[in-house]
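Hi everyone, thanks for coming. Let me put the structure up on the screen, and then we'll walk through it together.

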Number of protein chains: 2
Amino acid sequence: MLSKKTKYGLKALTYIARVEGDAPVQVSEIAASEKIPQKFLESILTSLRKSGFLGSKKGKHGGYYLRKDPSEILMTEVMRILEGPIAMVPCVSLNFYEKCDDCPDENECSVHKLMIQVRDSTLNVFRNTTLADLSGS
Amino acid sequence: MLSKKTKYGLKALTYIARVEGDAPVQVSEIAASEKIPQKFLESILTSLRKSGFLGSKKGKHGGYYLRKDPSEILMTEVMRILEGPIAMVPCVSLNFYEKCDDCPDENECSVHKLMIQVRDSTLNVFRNTTLADLSGS
DNA sequence: ATTAACCCTATCGGTTTAATAGGAATTACA
DNA sequence: TGTAATTCCTATTAAACCGATAGGGTTAAT
């Protein structure tokens with residue numbers, strides 16, 4: 001299941017990408033427009049800022065803005081920040097690999113084989129989708 | 001994340017498919033061989049029995065057996081029983097659809113569009129994989 | 001009768017998720 | 001210079017879910 005955090009984060013990024021003029025976009029505006037609890041959204045935008053996707057301007061008339069062109073923001077990167085590993089099991093994760101306690105040999109594990117296929121097909125989607133694709137009509 | 005329940009369930013099904021002669025396979029044997037907590041595994045096999053994948057024989061020398069040929073057990077079906085929806089959000093789920101509270105129009109939701117792609121690519125894997133594929137060398 | 005196995009219900013501790021609370025720091029602008 | 005608007009920071013919470021365990025009931029082979 002996609003977490004609310006990820007869902008809200010993606011919607012917020014899309015909103016900013018669509019709206020963006022020169023002025024930064026305020027949390028309150030995004031929250032109201034996308035029906036996202038404001039305080040929760042604040043924490044999500046913070047993590048997107050800390051990971052480099054967003055910049056912020058403090059104080060009155062402050063807000064958030066994209067630090068890259070939407071076409072350069074890949075879903076693989078966004079998903080890994082918001083949702084964590086893309087793979088369904090750590091033993092097939094490229095960025096968050098962990099060995100299973102049980103499996104003596106990954107190559108003989110039926111789950112391993114299946115989950116590699118799922119990972120690859122999902123990666124194929126995320127690698128070929130950018131924020132520009134999401135925000136475009 | 002794939003739940004332990006699903007992981008254990010898949011491993012158990014694979015084990016049964018590989019071992020199967022005429023005699024049913026015992027929970028204790030699967031649990032020991034695959035390093036799965038036995039009581040937990042019992043509950044998993046129960047749900048696989050109730051959903052028609054497995055049959056059981058009670059009493060001494062009892063156990064579980066497949067009710068269909070492995071080549072006829074599709075991952076789509078197994079995953080839906082063990083893990084639930086294949087889609088990452090209910091609003092793109094084929095079998096567990098739910099409308100989002102927020103979204104006024106699904107067709108304009110960027111998350112919706114992205115998650116349809118992910119769903120389809122994952123479905124494509126599960127629809128083309130059977131237990132025979134998992135248990136085959 | 002005894003034993004081995006599945007079957008059923010309940011419970012529990014831990015973790016994660018989603019959200020809220022309260023204020024501190026910063027900036028625009030009158 | 002003061003006030004309002006806004007991001008920033010830390011802490012807390014309620015609920016849900018997950019993984020596992022407990023304890024026995026039922027069934028069947030020998």
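Let's start with the DNA: which residues come nearest to DNA strand C? Keep in mind that what you see is a predicted model. There are 23 residues around DNA strand C, and the nearest are A:Ser3, A:Pro37, A:Lys39, A:Gly59 and A:Lys60. Both protein chains take part in this surface: chain A gives two or more residues from each of α1 (4–19) and α3, while chain B does so from α2 (27–34), α3 and β2 (63–66). The top contributor is α3(B), with 3 residues. If you like to think in residue classes, the surface near DNA strand C has 10 polar, 9 charged and 4 nonpolar residues.

Now over to the other strand. DNA strand D has 24 residues around it, and here A:Ser56, B:Ser3, B:Pro37, B:Lys39 and B:Gly59 come nearest. At least two residues each are supplied by α2 (27–34) and α3 (38–50) of chain A, and by α1 and α3 (38–50) of chain B. The class count for this surface is 12 polar, 9 charged and 3 nonpolar.

So how do the two protein chains relate to each other? A rotation of 180° with 0.0 Å of shift along its axis lays chain B on chain A, with an RMSD of 0.1 Å. The two copies are therefore related as by a two-fold rotation axis. In chain B, the residue whose C-alpha comes closest to that axis is B:Ser121, at 2.8 Å. Both copies use the same surface, as 96% of the contact residues of chain B recur in chain A.

Let's look at that contact itself. It pairs 26 residues of chain B with 25 residues of chain A. On the chain B side, α1 (4–19), α5 (110–127) and α6 (131–135) each bring at least two residues, and α5(B) gives the most, with 11. That side of chain B divides into 12 nonpolar, 8 polar and 6 charged residues.

Last stop, the inside of chain A. The chain is divided into domain 1 (4–66) and domain 2 (73–135), with their C-alpha centres 26 Å apart. Their contact takes 12 residues from domain 1 and 8 residues from domain 2. On the domain 1 side, α1 and α3 of chain A each supply at least two residues, with α1(A) giving the most, 8 residues. By class, that side of domain 1 has 5 nonpolar, 5 polar and 2 charged residues.

That's my tour, and I'm happy to rotate the view for anyone!

Terms used: Residues numbered from 1 in each chain as written. Chains lettered and ligands numbered in written order. Predicted model: local features only at pLDDT ≥ 70, side-chain atom pairs only at ≥ 80, totals over all residues. Contact = placed C-beta atoms within 7 Å. Helix = DSSP H or I, 4+ residues; strand = E, 2+ residues; numbered from the N terminus. Nonpolar A, V, L, I, M, F, W, Y, C, P; charged D, E, K, R; others polar. Near = placed C-beta within 6 Å. Least-squares fit on C-alpha atoms with pLDDT ≥ 70 in both. Domains from an automatic or database assignment.
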